[in-house]
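Colleague: Please take one part of this model and describe closely how it is packed against its surroundings.

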Amino acid sequence: MNPPDKAIVLSVDEKSQIQALDRTQPGLPIKKGRAGTMTHDYKRHGTTTLFAALDVKTGAVIGECLPRHRAKEFIRFLKKIDRVVAKHLDLHLVVDNYKTHKTEEVQAWLDKHPRFKLHFTPTSCSWLNLVERLFAEITRQRIRRGTFASVPDLEAAITDWIDAHNADPKPFSWTAKAGKIITKHRRAKKALAIASAGCK
């Protein structure tokens, strides 16, 4: 909430198991009176993992597709962040509690790179990490209805999407009012309690 001076806050995570799916027939676009279509059957050509770091202030993205999401790949992505971000800035990374982010290898690398500071979301709350919103956008806009004949095709499409996004980045802003969220939560909790009491 109060990042120090000369620092950048990055929301970091990986979207794993993105499938390169090749539809058996091309989908038809949406038009008046008809929804867009896509076939239910497809060929799988493998998967990739997108590592992404979203600058929460500017909306710019650092991204890289890698074949897996182990500690080794996470360190490789941290090295990319280290190369890309100006050296005079400290880096505050918001990450989830995934074990890959906490291995001895990762900790040893972080010890040698003190400008990196990791902040973990609570357990089972990775949805709080803003980069998840970015993953939803890239899935909706580029991946879900895409047709990819190979993993390199899929990775090229992801890279193109990130490049287009970074040409005019905009930060995500939270528009829901806290009072509304709390009211909905209380109403849902009350309904759940009534339903649970009725089941006994």
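**Helix 2 and the core around it**

Modeller: Val106, Trp109 and Leu110 are buried in helix 2, which spans residues 104-112. Buried means under 20% relative accessible area, exposed over 50% and partly exposed in between, with a 1.4 Å probe and protein chains only. Helices (H or I, at least four residues) and strands (E, at least two) are DSSP runs numbered from the N terminus. The three buried residues lie on the same side of helix 2 because they cover an arc of only 100° around its axis, taken from the directions from the axis to the C-beta atoms. Glu104, Asp111 and Lys112, on the other side of helix 2, are exposed.

The model is predicted: local features need pLDDT of at least 70 and side-chain atom pairs count only at pLDDT 80 or more, while totals for chains, interfaces and linings use all residues. Residues are numbered from 1 along each chain as its sequence is written, and side-chain values use heavy atoms, leaving out hydrogens and water.

Helix 1 (71-84) and strand 5 (116-120) are among the elements that cover the buried residues of helix 2. The largest nonpolar core, a set of buried Ala, Val, Leu, Ile, Met, Phe, Trp, Tyr and Cys residues joined through side-chain atoms within 4.5 Å, has 23 residues. Leu10, Leu78, Ile81 and Phe116 are among those with the most contacts inside it. Helix 2 is one of the elements that each supply at least two residues of this core, and helix 1 gives the most, with six.

Methods. Contact = heavy atoms within 4.5 Å.
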